[in-house]
Amino acid sequence: MSLHHIFQEDAYGDQPVAENFWHRSFSKQALGEVLSDEQSCEVAVVGGGYTGLSAALKLAQQGVDVVVLDAQHIGWGASGRNGGFCCLGGTIADDADLIDRYGEADARRYFYAERAAIDLVAELLEQNSIDADVVSKGETVLAHKARRVDQLKDTAADIQKRYGISCSFHDKDELAELGMTASGLASGLTIPIGFALHPYKYARGLAEVVKAQGGRFYEQTTVLGITSAADGQYVLKARAGQLRAQKVLLATNGYSSENMPEWMAGKYLPVQSNILMSRVLSDEELKRQGWFSNQMAYDTRTLLHYFRLLPDNRMLFGMRGSVSATSHARERMRAVARRDFERMFPEWAKVETPDFWSGLACLTHKFVPFAGQVPNTQGIYAAFGYHGNGVAMATYAGQLVAAEILGEATKLPYPNFMKVAPTEFPFRTMRRHLLALSYTWFELKDRLF
Ligand SMILES: Cc1cc2nc3c(=O)[nH]c(=O)nc-3n(C[C@H](O)[C@H](O)[C@H](O)COP(=O)(O)OP(=O)(O)OC[C@H]3O[C@@H](n4cnc5c(N)ncnc54)[C@H](O)[C@@H]3O)c2cc1C
(Lines give C-alpha, C1' and ligand atoms only; values in the text may rest on other atoms or scores of the structure.)
Protein backbone atom coordinates (compact mmCIF):
# COMPACT_ATOMS: atom_id res chain seq x y z
CA MET A 1 0.00 0.00 0.00
CA SER A 2 1.41 3.43 -0.85
CA LEU A 3 0.04 6.92 -1.23
CA HIS A 4 -0.44 8.45 -4.65
CA HIS A 5 0.67 12.08 -4.45
CA ILE A 6 0.25 14.90 -6.95
CA PHE A 7 3.75 16.38 -6.50
CA GLN A 8 7.06 14.54 -6.72
CA GLU A 9 7.84 12.64 -3.49
CA ASP A 10 10.41 15.28 -2.47
CA ALA A 11 7.53 17.56 -1.47
CA TYR A 12 6.40 15.06 1.18
CA GLY A 13 9.79 14.59 2.78
CA ASP A 14 12.03 16.72 4.97
CA GLN A 15 14.15 18.41 2.29
CA PRO A 16 11.80 21.38 1.69
CA VAL A 17 11.82 22.15 5.44
CA ALA A 18 15.51 21.61 6.16
CA GLU A 19 16.02 25.38 6.55
CA ASN A 20 12.64 26.16 8.13
CA PHE A 21 13.33 28.92 10.64
CA TRP A 22 10.12 28.27 12.56
CA HIS A 23 11.02 24.63 13.24
CA ARG A 24 14.48 25.72 14.31
CA SER A 25 13.22 28.39 16.67
CA PHE A 26 10.84 26.24 18.72
CA SER A 27 10.82 22.82 20.37
CA LYS A 28 10.02 19.86 18.11
CA GLN A 29 9.77 17.47 21.03
CA ALA A 30 7.67 14.43 20.13
CA LEU A 31 4.04 14.61 21.20
CA GLY A 32 3.27 11.02 20.38
CA GLU A 33 4.76 7.65 19.46
CA VAL A 34 4.61 5.71 16.23
CA LEU A 35 1.40 3.65 16.06
CA SER A 36 2.72 0.12 16.39
CA ASP A 37 -0.22 -1.98 17.63
CA GLU A 38 -4.01 -1.99 17.50
CA GLN A 39 -5.68 0.98 19.20
CA SER A 40 -9.17 2.43 19.22
CA CYS A 41 -10.83 5.79 19.75
CA GLU A 42 -14.07 7.61 19.04
CA VAL A 43 -12.71 10.08 16.46
CA ALA A 44 -9.52 9.69 14.45
CA VAL A 45 -8.08 12.86 12.92
CA VAL A 46 -5.68 12.36 10.01
CA GLY A 47 -3.33 15.36 9.84
CA GLY A 48 -1.78 17.36 12.68
CA GLY A 49 -2.02 20.90 11.31
CA TYR A 50 -4.40 23.71 12.33
CA THR A 51 -7.46 21.93 10.87
CA GLY A 52 -6.84 18.69 12.73
CA LEU A 53 -5.68 20.33 15.95
CA SER A 54 -8.50 22.81 16.15
CA ALA A 55 -11.07 20.07 15.51
CA ALA A 56 -9.36 17.78 18.04
CA LEU A 57 -9.41 20.56 20.61
CA LYS A 58 -13.15 21.09 20.32
CA LEU A 59 -13.80 17.36 20.42
CA ALA A 60 -11.51 16.75 23.40
CA GLN A 61 -13.12 19.65 25.26
CA GLN A 62 -16.48 17.87 24.84
CA GLY A 63 -15.05 14.70 26.33
CA VAL A 64 -14.61 12.83 23.03
CA ASP A 65 -11.77 10.30 22.90
CA VAL A 66 -9.84 11.78 19.97
CA VAL A 67 -6.59 10.67 18.33
CA VAL A 68 -4.56 12.79 15.90
CA LEU A 69 -2.21 10.99 13.52
CA ASP A 70 0.48 12.64 11.43
CA ALA A 71 2.76 11.14 8.80
CA GLN A 72 5.61 13.28 10.18
CA HIS A 73 5.26 15.33 13.33
CA ILE A 74 2.57 17.66 14.66
CA GLY A 75 2.86 21.01 12.84
CA TRP A 76 5.14 19.56 10.14
CA GLY A 77 2.86 20.53 7.22
CA ALA A 78 1.92 24.02 6.06
CA SER A 79 0.85 24.91 9.61
CA GLY A 80 4.48 24.87 10.74
CA ARG A 81 5.96 26.67 7.78
CA ASN A 82 3.65 29.51 6.73
CA GLY A 83 4.07 33.29 6.85
CA GLY A 84 2.01 33.63 10.01
CA PHE A 85 -0.49 36.06 8.46
CA CYS A 86 -3.68 35.57 10.46
CA CYS A 87 -5.93 37.49 8.11
CA LEU A 88 -9.11 37.56 6.05
CA GLY A 89 -9.19 34.95 3.29
CA GLY A 90 -9.69 31.30 2.57
CA THR A 91 -11.09 31.81 -0.92
CA ILE A 92 -9.64 33.37 -4.05
CA ALA A 93 -13.09 34.04 -5.50
CA ASP A 94 -13.95 37.74 -5.28
CA ASP A 95 -16.92 39.07 -3.32
CA ALA A 96 -19.13 39.68 -6.38
CA ASP A 97 -18.44 36.17 -7.64
CA LEU A 98 -19.41 34.63 -4.29
CA ILE A 99 -22.65 36.65 -4.24
CA ASP A 100 -23.43 35.63 -7.85
CA ARG A 101 -22.77 31.97 -7.22
CA TYR A 102 -24.20 31.44 -3.76
CA GLY A 103 -26.56 34.37 -3.17
CA GLU A 104 -26.21 37.42 -0.95
CA ALA A 105 -27.11 35.68 2.34
CA ASP A 106 -24.63 32.80 2.05
CA ALA A 107 -21.85 35.03 0.71
CA ARG A 108 -22.42 37.33 3.67
CA ARG A 109 -22.20 34.34 6.00
CA TYR A 110 -18.78 33.64 4.50
CA PHE A 111 -17.62 37.25 4.98
CA TYR A 112 -18.59 36.99 8.67
CA ALA A 113 -16.87 33.62 8.85
CA GLU A 114 -13.59 35.14 7.61
CA ARG A 115 -13.74 37.74 10.35
CA ALA A 116 -14.88 35.26 13.02
CA ALA A 117 -11.95 33.00 12.06
CA ILE A 118 -9.46 35.69 13.05
CA ASP A 119 -11.30 36.32 16.31
CA LEU A 120 -11.24 32.58 16.98
CA VAL A 121 -7.44 32.42 16.67
CA ALA A 122 -7.09 35.45 18.96
CA GLU A 123 -9.38 33.77 21.50
CA LEU A 124 -7.53 30.46 21.35
CA LEU A 125 -4.22 32.23 21.93
CA GLU A 126 -5.57 34.21 24.83
CA GLN A 127 -7.68 31.56 26.56
CA ASN A 128 -4.88 29.01 26.40
CA SER A 129 -2.01 31.42 27.10
CA ILE A 130 -0.23 30.45 23.86
CA ASP A 131 2.65 32.83 23.31
CA ALA A 132 3.02 33.02 19.52
CA ASP A 133 4.95 36.31 19.11
CA VAL A 134 1.93 38.26 17.91
CA VAL A 135 2.62 41.51 16.02
CA SER A 136 0.97 43.72 13.36
CA LYS A 137 -2.21 45.76 13.55
CA GLY A 138 -4.20 44.53 10.59
CA GLU A 139 -2.53 44.05 7.22
CA THR A 140 -1.21 46.49 4.63
CA VAL A 141 -1.69 45.97 0.89
CA LEU A 142 0.90 47.74 -1.25
CA ALA A 143 0.24 48.82 -4.86
CA HIS A 144 3.27 47.55 -6.77
CA LYS A 145 2.66 50.11 -9.51
CA ALA A 146 0.50 53.22 -10.02
CA ARG A 147 -1.96 51.28 -12.19
CA ARG A 148 -2.87 49.06 -9.25
CA VAL A 149 -4.00 51.90 -6.97
CA ASP A 150 -7.59 51.31 -8.15
CA GLN A 151 -7.29 47.77 -6.85
CA LEU A 152 -6.69 49.21 -3.36
CA LYS A 153 -9.79 51.39 -3.71
CA ASP A 154 -11.84 48.31 -4.66
CA THR A 155 -10.50 46.41 -1.66
CA ALA A 156 -11.36 49.29 0.67
CA ALA A 157 -14.89 49.45 -0.81
CA ASP A 158 -15.33 45.68 -0.31
CA ILE A 159 -14.23 45.89 3.33
CA GLN A 160 -16.58 48.82 3.92
CA LYS A 161 -19.46 46.87 2.34
CA ARG A 162 -18.65 43.64 4.18
CA TYR A 163 -18.04 44.98 7.69
CA GLY A 164 -18.76 48.71 7.69
CA ILE A 165 -15.08 49.27 8.51
CA SER A 166 -12.94 52.03 6.96
CA CYS A 167 -9.43 51.22 5.75
CA SER A 168 -6.61 53.81 5.71
CA PHE A 169 -4.87 54.86 2.50
CA HIS A 170 -1.18 55.81 2.60
CA ASP A 171 0.73 57.73 -0.05
CA LYS A 172 4.43 57.06 -0.54
CA ASP A 173 5.51 59.68 2.03
CA GLU A 174 3.19 58.25 4.63
CA LEU A 175 4.41 54.72 3.91
CA ALA A 176 7.95 55.99 4.54
CA GLU A 177 6.87 57.50 7.87
CA LEU A 178 5.26 54.18 8.79
CA GLY A 179 8.53 52.38 8.05
CA MET A 180 7.39 50.65 4.86
CA THR A 181 9.67 51.80 2.06
CA ALA A 182 10.28 49.33 -0.74
CA SER A 183 11.11 49.78 -4.38
CA GLY A 184 8.35 50.48 -6.91
CA LEU A 185 5.51 50.99 -4.43
CA ALA A 186 2.89 53.53 -5.46
CA SER A 187 0.76 53.57 -2.31
CA GLY A 188 -0.72 51.38 0.40
CA LEU A 189 -3.92 50.45 2.17
CA THR A 190 -4.21 49.21 5.74
CA ILE A 191 -7.09 46.87 6.51
CA PRO A 192 -7.44 47.08 10.31
CA ILE A 193 -8.28 43.40 10.75
CA GLY A 194 -5.90 40.56 11.64
CA PHE A 195 -2.43 40.08 13.09
CA ALA A 196 0.74 38.07 12.51
CA LEU A 197 2.08 35.18 14.61
CA HIS A 198 4.79 32.53 14.84
CA PRO A 199 2.95 29.75 12.98
CA TYR A 200 4.75 26.82 14.56
CA LYS A 201 4.44 28.16 18.12
CA TYR A 202 0.72 28.49 17.44
CA ALA A 203 0.40 24.92 16.09
CA ARG A 204 2.43 23.41 18.93
CA GLY A 205 0.56 25.52 21.48
CA LEU A 206 -2.76 24.16 20.19
CA ALA A 207 -1.38 20.61 20.35
CA GLU A 208 -0.35 21.05 23.99
CA VAL A 209 -3.89 22.15 24.84
CA VAL A 210 -5.35 19.15 22.98
CA LYS A 211 -3.06 16.90 25.00
CA ALA A 212 -4.03 18.59 28.26
CA GLN A 213 -7.69 17.92 27.38
CA GLY A 214 -7.01 14.21 26.93
CA GLY A 215 -6.39 14.06 23.16
CA ARG A 216 -3.77 11.54 21.98
CA PHE A 217 -1.18 11.73 19.19
CA TYR A 218 0.62 9.32 16.93
CA GLU A 219 3.51 10.79 14.97
CA GLN A 220 5.62 9.33 12.12
CA THR A 221 2.44 7.42 11.36
CA THR A 222 1.16 7.61 7.80
CA VAL A 223 -2.41 6.46 7.37
CA LEU A 224 -2.24 4.31 4.27
CA GLY A 225 -5.88 3.33 3.96
CA ILE A 226 -9.29 3.41 5.66
CA THR A 227 -11.62 0.41 5.55
CA SER A 228 -15.03 -0.26 7.07
CA ALA A 229 -15.31 -3.05 9.63
CA ALA A 230 -18.37 -5.29 10.09
CA ASP A 231 -19.27 -3.48 13.34
CA GLY A 232 -19.61 -0.15 11.48
CA GLN A 233 -16.29 1.19 12.73
CA TYR A 234 -13.52 2.43 10.49
CA VAL A 235 -10.05 0.90 10.51
CA LEU A 236 -7.14 3.21 9.72
CA LYS A 237 -4.18 1.21 8.58
CA ALA A 238 -0.62 2.35 9.16
CA ARG A 239 2.63 0.54 8.43
CA ALA A 240 3.08 -0.96 11.92
CA GLY A 241 -0.34 -0.73 13.49
CA GLN A 242 -3.98 0.18 13.07
CA LEU A 243 -6.55 2.39 14.72
CA ARG A 244 -10.25 1.63 14.98
CA ALA A 245 -12.51 4.67 15.13
CA GLN A 246 -16.21 5.43 15.02
CA LYS A 247 -15.61 8.58 13.01
CA VAL A 248 -12.75 9.94 10.91
CA LEU A 249 -11.71 13.47 9.97
CA LEU A 250 -9.47 14.01 6.96
CA ALA A 251 -7.36 17.09 7.73
CA THR A 252 -4.56 16.64 5.22
CA ASN A 253 -5.11 19.74 3.00
CA GLY A 254 -2.16 20.27 0.58
CA TYR A 255 -0.55 16.99 1.75
CA SER A 256 -3.56 14.91 0.71
CA SER A 257 -3.24 11.99 -1.67
CA GLU A 258 -5.38 10.65 -4.49
CA ASN A 259 -6.04 7.32 -2.79
CA MET A 260 -6.33 8.09 0.94
CA PRO A 261 -9.22 7.75 0.64
CA GLU A 262 -10.14 7.47 -3.04
CA TRP A 263 -12.87 10.04 -2.55
CA MET A 264 -10.13 12.73 -2.38
CA ALA A 265 -8.97 12.04 -5.94
CA GLY A 266 -9.06 15.18 -8.05
CA LYS A 267 -10.80 17.29 -5.38
CA TYR A 268 -7.80 19.31 -4.18
CA LEU A 269 -4.87 20.98 -5.90
CA PRO A 270 -1.69 21.41 -3.85
CA VAL A 271 0.28 24.56 -4.65
CA GLN A 272 3.75 25.33 -3.38
CA SER A 273 4.55 28.54 -1.57
CA ASN A 274 8.12 29.54 -0.67
CA ILE A 275 9.64 31.63 2.09
CA LEU A 276 13.05 33.27 2.09
CA MET A 277 14.26 34.67 5.40
CA SER A 278 17.06 37.14 6.09
CA ARG A 279 19.43 37.06 9.01
CA VAL A 280 18.74 39.53 11.84
CA LEU A 281 18.98 43.05 10.40
CA SER A 282 20.70 45.80 12.34
CA ASP A 283 18.90 49.07 13.20
CA GLU A 284 21.22 50.79 10.72
CA GLU A 285 20.22 48.39 7.93
CA LEU A 286 16.53 48.83 8.68
CA LYS A 287 16.91 52.60 8.61
CA ARG A 288 18.89 52.55 5.37
CA GLN A 289 16.13 50.63 3.56
CA GLY A 290 13.38 52.53 5.38
CA TRP A 291 11.56 49.34 6.39
CA PHE A 292 11.27 49.10 10.15
CA SER A 293 7.59 48.29 10.65
CA ASN A 294 6.35 44.90 11.96
CA GLN A 295 3.20 45.32 9.88
CA MET A 296 2.36 42.28 7.75
CA ALA A 297 2.22 43.34 4.12
CA TYR A 298 1.75 42.01 0.60
CA ASP A 299 1.69 43.54 -2.84
CA THR A 300 -1.05 43.80 -5.46
CA ARG A 301 0.41 41.21 -7.82
CA THR A 302 -1.87 38.26 -8.61
CA LEU A 303 1.16 36.10 -7.79
CA LEU A 304 1.82 38.20 -4.74
CA HIS A 305 4.86 38.71 -2.55
CA TYR A 306 4.08 38.66 1.18
CA PHE A 307 6.54 40.00 3.71
CA ARG A 308 6.97 41.08 7.30
CA LEU A 309 9.70 41.96 9.74
CA LEU A 310 9.77 39.54 12.68
CA PRO A 311 10.05 40.84 16.25
CA ASP A 312 13.78 39.98 16.22
CA ASN A 313 14.30 41.92 12.93
CA ARG A 314 14.59 39.07 10.44
CA MET A 315 12.76 39.82 7.22
CA LEU A 316 10.36 37.15 5.98
CA PHE A 317 9.74 37.25 2.23
CA GLY A 318 7.26 34.83 0.66
CA MET A 319 6.03 34.13 -2.83
CA ARG A 320 4.55 31.39 -4.98
CA GLY A 321 6.53 28.21 -5.49
CA SER A 322 7.23 26.10 -8.54
CA VAL A 323 4.90 23.47 -10.01
CA SER A 324 7.76 21.06 -9.53
CA ALA A 325 9.21 19.91 -6.19
CA THR A 326 12.59 18.62 -7.31
CA SER A 327 15.70 20.00 -5.58
CA HIS A 328 16.64 21.64 -8.90
CA ALA A 329 13.27 23.46 -9.05
CA ARG A 330 13.67 24.52 -5.42
CA GLU A 331 17.10 26.04 -6.07
CA ARG A 332 15.69 27.88 -9.11
CA MET A 333 12.86 29.31 -6.95
CA ARG A 334 15.35 30.30 -4.25
CA ALA A 335 17.17 32.37 -6.88
CA VAL A 336 13.88 33.94 -8.05
CA ALA A 337 12.89 34.79 -4.48
CA ARG A 338 16.33 36.28 -3.83
CA ARG A 339 16.13 38.33 -7.04
CA ASP A 340 12.70 39.72 -6.09
CA PHE A 341 13.84 40.38 -2.50
CA GLU A 342 16.76 42.45 -3.80
CA ARG A 343 14.51 44.29 -6.25
CA MET A 344 12.06 45.27 -3.54
CA PHE A 345 14.67 46.00 -0.87
CA PRO A 346 17.74 47.22 -2.83
CA GLU A 347 19.50 48.45 0.32
CA TRP A 348 19.60 44.83 1.52
CA ALA A 349 21.16 43.51 -1.69
CA LYS A 350 24.16 42.31 0.32
CA VAL A 351 22.23 40.98 3.31
CA GLU A 352 22.40 37.19 3.67
CA THR A 353 19.17 35.19 3.46
CA PRO A 354 20.25 31.87 4.99
CA ASP A 355 16.81 30.26 5.25
CA PHE A 356 14.60 29.16 2.39
CA TRP A 357 11.80 26.61 2.64
CA SER A 358 8.62 25.62 0.89
CA GLY A 359 5.34 23.90 1.62
CA LEU A 360 2.00 22.95 0.12
CA ALA A 361 -1.16 25.01 0.39
CA CYS A 362 -4.36 23.82 -1.28
CA LEU A 363 -6.95 24.98 -3.82
CA THR A 364 -10.36 23.56 -4.70
CA HIS A 365 -12.00 23.71 -8.11
CA LYS A 366 -14.56 26.36 -7.08
CA PHE A 367 -11.96 28.27 -5.01
CA VAL A 368 -13.88 27.93 -1.73
CA PRO A 369 -13.01 25.86 1.38
CA PHE A 370 -14.83 22.69 2.36
CA ALA A 371 -15.71 21.62 5.92
CA GLY A 372 -18.25 18.85 6.19
CA GLN A 373 -19.21 15.24 5.80
CA VAL A 374 -17.89 13.14 2.93
CA PRO A 375 -21.01 12.21 0.90
CA ASN A 376 -22.28 8.63 1.11
CA THR A 377 -20.40 7.83 4.30
CA GLN A 378 -21.73 7.39 7.82
CA GLY A 379 -18.87 9.01 9.65
CA ILE A 380 -16.10 10.37 7.44
CA TYR A 381 -15.57 14.11 7.41
CA ALA A 382 -13.05 16.41 5.73
CA ALA A 383 -11.92 20.05 5.82
CA PHE A 384 -9.49 21.54 3.32
CA GLY A 385 -8.93 24.15 0.59
CA TYR A 386 -8.02 27.46 2.22
CA HIS A 387 -6.26 28.92 -0.82
CA GLY A 388 -3.08 29.90 0.97
CA ASN A 389 -4.94 31.56 3.85
CA GLY A 390 -5.40 28.87 6.45
CA VAL A 391 -3.97 30.28 9.66
CA ALA A 392 -7.42 31.63 10.50
CA MET A 393 -9.61 29.62 8.09
CA ALA A 394 -8.16 26.16 8.81
CA THR A 395 -8.55 26.80 12.55
CA TYR A 396 -12.13 27.85 11.90
CA ALA A 397 -12.96 24.97 9.53
CA GLY A 398 -11.63 22.54 12.15
CA GLN A 399 -14.14 23.88 14.67
CA LEU A 400 -17.00 23.81 12.15
CA VAL A 401 -16.36 20.22 11.19
CA ALA A 402 -15.93 19.21 14.85
CA ALA A 403 -19.40 20.62 15.52
CA GLU A 404 -20.73 18.50 12.63
CA ILE A 405 -19.05 15.41 14.08
CA LEU A 406 -20.65 16.16 17.44
CA GLY A 407 -24.02 16.69 15.75
CA GLU A 408 -24.11 20.14 17.33
CA ALA A 409 -25.56 23.29 15.74
CA THR A 410 -22.61 25.68 15.71
CA LYS A 411 -23.02 29.31 16.72
CA LEU A 412 -20.28 30.27 14.25
CA PRO A 413 -21.27 31.58 10.79
CA TYR A 414 -21.26 28.47 8.55
CA PRO A 415 -21.98 29.15 4.87
CA ASN A 416 -23.94 26.40 3.14
CA PHE A 417 -21.46 26.27 0.28
CA MET A 418 -18.71 25.21 2.70
CA LYS A 419 -20.76 22.06 3.43
CA VAL A 420 -20.89 21.03 -0.22
CA ALA A 421 -18.19 18.54 -1.21
CA PRO A 422 -15.79 19.98 -3.81
CA THR A 423 -16.17 18.86 -7.39
CA GLU A 424 -13.20 17.36 -9.19
CA PHE A 425 -10.79 19.51 -11.16
CA PRO A 426 -11.16 18.97 -14.90
CA PHE A 427 -8.24 17.00 -16.44
CA ARG A 428 -7.48 15.90 -12.88
CA THR A 429 -4.33 13.96 -13.67
CA MET A 430 -2.89 17.02 -15.42
CA ARG A 431 -3.95 19.60 -12.86
CA ARG A 432 -0.51 20.36 -11.42
CA HIS A 433 0.95 20.87 -14.90
CA LEU A 434 -1.95 23.07 -16.00
CA LEU A 435 -1.12 25.35 -13.07
CA ALA A 436 2.09 26.26 -14.91
CA LEU A 437 0.01 27.83 -17.71
CA SER A 438 -1.94 29.95 -15.20
CA TYR A 439 1.33 31.10 -13.60
CA THR A 440 2.70 32.22 -16.97
CA TRP A 441 -0.45 34.22 -17.69
CA PHE A 442 -0.55 35.79 -14.19
CA GLU A 443 3.12 36.76 -14.41
CA LEU A 444 2.53 38.47 -17.74
CA LYS A 445 -0.56 40.24 -16.38
CA ASP A 446 1.37 41.43 -13.30
CA ARG A 447 4.10 42.84 -15.53
CA LEU A 448 1.84 44.50 -18.10
CA PHE A 449 -1.06 45.88 -16.08
C1 LIG B 1 4.99 28.60 2.62
C2 LIG B 1 3.56 28.81 3.03
C3 LIG B 1 3.16 30.06 3.49
C4 LIG B 1 1.85 30.28 3.89
N5 LIG B 1 1.52 31.48 4.48
C6 LIG B 1 0.30 31.64 5.02
C7 LIG B 1 0.00 32.81 5.77
O8 LIG B 1 0.86 33.67 5.99
N9 LIG B 1 -1.24 32.95 6.26
C10 LIG B 1 -2.21 31.99 6.09
O11 LIG B 1 -3.34 32.18 6.55
N12 LIG B 1 -1.93 30.84 5.45
C13 LIG B 1 -0.71 30.63 4.92
N14 LIG B 1 -0.41 29.45 4.30
C15 LIG B 1 -1.45 28.38 4.25
C16 LIG B 1 -1.62 27.69 5.59
O17 LIG B 1 -0.37 27.37 6.15
C18 LIG B 1 -2.47 26.41 5.40
O19 LIG B 1 -3.69 26.76 4.79
C20 LIG B 1 -2.78 25.72 6.73
O21 LIG B 1 -1.62 25.54 7.50
C22 LIG B 1 -3.46 24.38 6.47
O23 LIG B 1 -3.54 23.67 7.67
P24 LIG B 1 -3.98 22.15 7.67
O25 LIG B 1 -4.01 21.69 9.05
O26 LIG B 1 -5.25 22.01 6.91
O27 LIG B 1 -2.87 21.39 6.79
P28 LIG B 1 -1.32 21.14 7.11
O29 LIG B 1 -0.80 22.06 8.14
O30 LIG B 1 -0.62 21.13 5.80
O31 LIG B 1 -1.31 19.70 7.76
C32 LIG B 1 -1.62 18.53 7.04
C33 LIG B 1 -0.91 17.38 7.75
O34 LIG B 1 -1.44 16.17 7.23
C35 LIG B 1 -0.44 15.18 7.35
N36 LIG B 1 -0.80 14.06 6.48
C37 LIG B 1 -1.05 14.08 5.16
N38 LIG B 1 -1.40 12.84 4.74
C39 LIG B 1 -1.36 12.03 5.83
C40 LIG B 1 -1.61 10.65 6.02
N41 LIG B 1 -2.01 9.86 5.02
N42 LIG B 1 -1.45 10.13 7.26
C43 LIG B 1 -1.08 10.93 8.29
N44 LIG B 1 -0.83 12.24 8.15
C45 LIG B 1 -0.98 12.79 6.94
C46 LIG B 1 0.82 15.92 6.92
O47 LIG B 1 2.00 15.30 7.41
C48 LIG B 1 0.59 17.32 7.50
O49 LIG B 1 1.29 17.52 8.71
C50 LIG B 1 0.88 29.22 3.82
C51 LIG B 1 1.27 27.97 3.32
C52 LIG B 1 2.59 27.75 2.94
C53 LIG B 1 2.99 26.40 2.43
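Strand 14 (residues 306-309) and strand 15 (residues 314-320) run antiparallel, and four bridges join them. Pick out Phe307 and you'll find that its bridge partner in strand 15 is Phe317. Keep in mind that this is a predicted model. Here's a tour of the sheet around that pair, then one glycine, then two helices that cross.

**The sheet**

- Strands 14 and 15 belong to an open sheet of eight strands, which has mixed pairing and the order 5-6-4-13-14-15-12-16.
- Which strands stand at the edges? They are strand 5 (168-170) and strand 16 (355-363), and each has a single partner strand, so one side of each is left without a neighbour in the sheet.
- If you ignore direction, neighbouring strands here are turned by 20 degrees against each other on average.

**Helices packed on the sheet**

- Helix 5 (residues 149-163) packs on the sheet and touches strand 4 (139-143), strand 5 and strand 6 (187-191).
- The direction of helix 5 makes about 15 degrees with that of strand 6.
- Helix 9 (residues 327-344) packs on the sheet too, touching strand 12 (269-280), strand 13 (296-299), strand 14, strand 15 and strand 16.
- Compare the direction of helix 9 with that of strand 15, and you get about 120 degrees.

**A look at Gly290**

- Gly290 sits in the loop between helix 8 (283-289) and strand 13.
- Is Gly290 buried or exposed? Its relative accessibility is 11%, and the cut-off for buried is under 20%, so Gly290 counts as buried.
- Leaving aside residues up to four places away in sequence, Gly290 touches Gly179, Met180 and Thr181.
- Ala182 is 108 residues from Gly290 along the chain, yet their C-alpha atoms are separated by 7.6 Å.

**Helix 2 meets helix 10**

- Two packed helices are described by the angle between their axes and the distance between the axes.
- For helix 2 (residues 50-61) and helix 10 (residues 390-406), the axes come within 7 Å and cross at roughly 40 degrees.
- That angle makes helix 2 oblique to helix 10.
- The crossing of helix 2 with helix 10 is right-handed.
- On the helix 2 side, the contact is made by Tyr50, Thr51, Ser54, Ala55, Lys58 and Leu59.
- Helix 10 contributes several residues to the contact, among them Gly390, Val391, Ala394, Gly398 and Leu406.
- What kinds of residues make up the contact of helix 2 with helix 10? They divide into ten nonpolar, six polar and one charged.

How values were computed
Residues are numbered from 1 along each chain as its sequence is written. This is a predicted model: local features need pLDDT of at least 70, side-chain atom pairs count only at pLDDT 80 or more; totals for chains, interfaces and linings use all residues. Side-chain values use heavy atoms; hydrogens and water are left out. Two strands pair if DSSP finds at least two bridges between them. Axes are lines fitted to C-alpha atoms, for helices over the stretch in contact, and angles run from 0 to 180 degrees between N-to-C directions. Contact means heavy atoms within 4.5 Å. Buried means under 20% relative accessible area, exposed over 50%, partly exposed in between (1.4 Å probe, protein chains only). Angles under 35 degrees count as roughly parallel, over 145 as roughly antiparallel, 65 to 115 as roughly perpendicular and the rest as oblique. A crossing is left-handed if the near helix is turned anticlockwise from the far one by less than a right angle, and right-handed if clockwise. Ala, Val, Leu, Ile, Met, Phe, Trp, Tyr, Cys and Pro count as nonpolar, Asp, Glu, Lys and Arg as charged, and the others, Gly among them, as polar.
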